Amino acid sequence: MNLKIKTITLENFKGTRQKTINLNESATNIMGANGSGKTTIATAYHWVFANTDYDLKSNPPIFPVGIEECTPSVEIEMLIDDKPVKVTKRQTRKVTESNGVKKVALTNNYYCNDVPMSERDFQKK
């Protein structure tokens, strides 16, 4: 199998409001100063495919600090054996309160070529 990642688009993901990273056809080096987003890109990739962050910690915090009313998402466009494939993962947060206790429920939504699917089917595909 031949896999080439073309773009990674982050929306409301960690410290990034909206950004598309274009990767060229050959090898790509991601370089930058501390705090410029290198680890955020790696975490986005790991979050989509393994539900971990760059350090392989499960269910990483991906919501931007101080912004609770948003839907973080990562979209990765790639070529698999020269066929275009787009995968997207979004996370919604629902906060409920009962007897003064807040509960937060996070739900991940998965898409392959804009078709919604379960996590199991997404991982299998």
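Two residues are taken to be in contact when heavy atoms lie within 4.5 Å. On this basis, among the contacts in the protein that join residues at least 6 apart in sequence, 47% link residues that are at least 24 apart. The model analysed here is a predicted one, and the values reported below were computed from it.

The protein comprises 2 helices and 6 strands, which, read from the N terminus, follow one another in the order β-β-α-β-β-β-β-α. The chain is made up of 125 residues, of which 30% count as buried. Taken along the principal axes, the box filled by the C-alpha atoms has dimensions of roughly 55 × 35 × 25 Å. The exposed area of the protein amounts to about 8500 Å², and 48% of this area is supplied by carbon and sulfur atoms. With regard to charge, the protein carries 18 positive and 14 negative charges, and the mean positions of the two sets are 2 Å apart.

At the level of strand pairing, strand S1, which spans residues 3-13, is paired with strand S2, spanning residues 16-22, in the antiparallel sense and over 6 bridges. Within this pairing, Thr7 is placed opposite Asn22 of S2. The two strands S1 and S2 form a hairpin in which 2 residues lie between them, and in the turn Lys14 adopts a positive phi of about 55 degrees.

A further antiparallel pairing joins strand S4 (residues 83-98) to strand S5 (residues 101-112), and here 12 bridges are found. One of the residue pairs concerned is formed by Thr96 and its bridge partner in S5, Lys103. S4 and S5 likewise form a hairpin, with 2 residues between the strands, and Asn99 in the turn has a positive phi of about 55 degrees.

Strand S5 is also joined to strand S6 (residues 115-117), the two running antiparallel and being connected by 3 bridges. In this pairing, Cys112 has Val115 of S6 as its bridge partner. The hairpin of S5 and S6 has 2 residues between its strands, and Asn113 takes a positive phi near 50 degrees.

Considered together, these pairings place S5 in two antiparallel partnerships, with S4 through 12 bridges and with S6 through 3 bridges, whereas the pairing of S1 with S2 is made over 6 bridges. A positive phi is recorded for Lys14 in the hairpin of S1 and S2, for Asn99 in that of S4 and S5, and for Asn113 in that of S5 and S6.

Terms used:
Residues numbered from 1 in each chain as written. Predicted model: local features only at pLDDT ≥ 70, side-chain atom pairs only at ≥ 80, totals over all residues. Heavy atoms only, no water. Helix = DSSP H or I, 4+ residues; strand = E, 2+ residues; numbered from the N terminus. Buried < 20%, exposed > 50% of the residue type's maximum accessible area, 1.4 Å probe, protein only. Areas by Shrake-Rupley, 256 points an atom, 1.4 Å probe, with all protein chains shown as cover. Lys, Arg positive; Asp, Glu negative; His and termini not counted. Charge placed at Lys NZ, Arg CZ, Asp CG, Glu CD. Pairing = 2+ DSSP bridges.
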